[in-house]
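Visitor: Could you take me on a close look at a single part of this protein, and show me how that part sits among its surroundings? I would enjoy one connected account.

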Amino acid sequence: MAVCVFPIHFKGLAMNEEHLRQLARSLIQQQLATGPMKGATLKLRLLAEFARQADTPFDTAFRIYPKFSAFLAANADLVEIQRPPAGMSGDVTVRLRTTDSTATAGAATSMASEAALDRPLPREVWQAFTNPDPRRQRYFQKSTGKIVHFLADDAPPSPLDADDFERIDPISAAAQSGWMRQFVESNFAASPKRDELLAVAAIPYTSNLNHTFAYALGPFGEPWKRYRARYVQAAVRQWASRHAVALEALVPQPTRATTAPPATDAADALRQALIEAISAASPDELRLVQIPASLLLPRTRSDAR
């Protein structure tokens, strides 16, 4: 199950030091919900979102911490920092601290797996995890890397090979409706559109409801899609960990388009094919071959000399 973080929205309220600390911790949980992140990336995202919600710069709110790393160290109960190997330069990696109740696949994700979820999920994978239609059964077939769908009343004739097929339990409708409510409360707490958007979020969930919700959000439609994608990716990551499926198998590297052969190569290949075809043709078949007169004229003139 995805890590659910309920954003704290304090904009417009007088905030004491404890409120500011709670906000910063909540935002860190949001940013790291989908897995580890480089320290510099986390800092940029956190500072921007903190300033937006708290109406005060992060550095102003936490003057006692001369560096961002010092703030992270002060919240070691929430995050853990992985530094580059000794003798190697590079940025630190920050991840949510693993506990018995909140262990996530992100805590043990390899750098290759992190790169896999930097890419958009393939459409069939996205639908398998986000469409909670109870009439459908979805499986990931390890041997082919494909998503296999069955309707409930059209089950396979024989039991599936448990070593090859892993059942995908989609994210629940309740969880996805909850993401909508969280997004509204985080961004429209003081807006007259709040009640309208919450009414949309209260509609019984279907995959198509997301399109309606994104449209109703107006300019917030794209931020909502990114917000939702983080939760979906977290769910995919955790499912992959539970079933020992490599993320690279679910999110393969995009294939590069095949480079078209040079025009001269294509022309030579066609010329050779025509020569072979004419050489193998019978006299009757040769009479049916049509050749442009412009190609024969130079040859006729040459023979006449």
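Guide: Let's settle one term before we set out: a residue counts as buried under 20% relative accessible area, as exposed over 50%, and as partly exposed in between. With a relative accessible area of 45%, Ala199 is therefore partly exposed. Ala199 belongs to helix 8, and it gives us a way into the part I would like to show you, helix 9. From Ala199 to Phe213 the separation is 14 residues in sequence and 9.9 Å in space, taken C-alpha to C-alpha. Please keep in mind throughout that this is a predicted model.

Helix 9 spans residues 209-217, and its buried residues are Leu209, Asn210, Phe213, Ala214, Ala216 and Leu217. These residues lie on the same side of the helix, because they cover an arc of only 160 degrees around its axis. On the other side of helix 9 you will find His211 and Tyr215, both exposed. The cover over the buried residues includes helix 7 (173-187), helix 8 (194-201) and helix 10 (221-242). Just after helix 9 comes Gly218, with a positive phi near 65 degrees.

Now let's follow Phe213 inward. Phe213 is one of the residues with the most contacts inside the largest nonpolar core, along with Trp224, Trp239 and Leu250. That core has 36 residues. At least two of its residues come from each of helix 6 (123-130), helix 7, helix 8, helix 9, helix 10 and helix 11 (247-250). Helix 10 gives the most, with 8 residues. Trp239 is worth a pause of its own: leaving out residues up to four places away in sequence, Trp239 touches Phe129, Phe140, Glu166, Arg167, Ile168, Asp169, Val245 and Leu250. Apart from this core there is another one, of 21 residues, and Leu20, Ile28, Leu72 and Val79 are among them.

Helix 6, one of the contributors to the largest core, also holds Thr130. Thr130 has a relative accessible area of 3%, so it is buried. A polar atom of the Thr130 side chain lies 2.7 Å from the backbone oxygen of Trp126. Setting aside residues up to four places away in sequence, Thr130 touches Gln176, Tyr205, Ser207, Arg228 and Val232.

A little further along the chain is Gln141, in strand 4 (residues 136-141). Its relative accessible area is 16%, so Gln141 counts as buried too. The side chains of Gln141 and Thr144 make a polar contact at 3.2 Å. Beyond its neighbours within four places in sequence, Gln141 is in contact with Lys146, Val148, Asp164 and Phe165.

Two loops deserve a glance for their backbone. Between helix 10 and helix 11 sits Ala244, which has a positive phi near 55 degrees without being a glycine. Ala244 has 68% relative accessibility, so it counts as exposed. Asp55, likewise not a glycine, has a positive phi of about 60 degrees. Asp55 is found in the loop between helix 2 (39-54) and helix 3 (58-61). With a relative accessible area of 51%, Asp55 is exposed.

Let's step back to the whole protein, which has 14 helices and 6 strands. Of its 305 residues, 36% are buried. Among contacts between residues at least 6 apart in sequence, 61% join residues at least 24 apart. The protein exposes about 18700 Å², and carbon and sulfur atoms supply 56% of that area.

Finally, a word on confidence. The average pLDDT is 77, and 76% of the residues score at least 70. Among the elements, helix 8 has the highest mean pLDDT, 93, while helix 5 (residues 111-116) has the lowest, 46. Residues 1-14 have a pLDDT below 50, and the model gives this stretch 40 contacts beyond near neighbours in sequence. Over residues 100-115 the pLDDT also stays under 50, and here the model has 25 contacts beyond four places in sequence. Where pLDDT is low, the predicted coordinates should not be read in detail. To return to where our tour began, helix 8, with the highest mean pLDDT among the elements, is among the helices that cover the buried residues of helix 9.

Definitions and conventions
Residues numbered from 1 in each chain as written. Predicted model: local features only at pLDDT ≥ 70, side-chain atom pairs only at ≥ 80, totals over all residues. Heavy atoms only, no water. Buried < 20%, exposed > 50% of the residue type's maximum accessible area, 1.4 Å probe, protein only. Helix = DSSP H or I, 4+ residues; strand = E, 2+ residues; numbered from the N terminus. Arc of directions from axis to C-beta. Contact = heavy atoms within 4.5 Å. Core = buried A, V, L, I, M, F, W, Y, C linked by side-chain atoms within 4.5 Å. Areas by Shrake-Rupley, 256 points an atom, 1.4 Å probe, with all protein chains shown as cover. Polar contact = N/O pair within 3.5 Å; in protein donor to acceptor, adjacent residues only side chain to side chain. pLDDT = per-residue confidence, 0-100.
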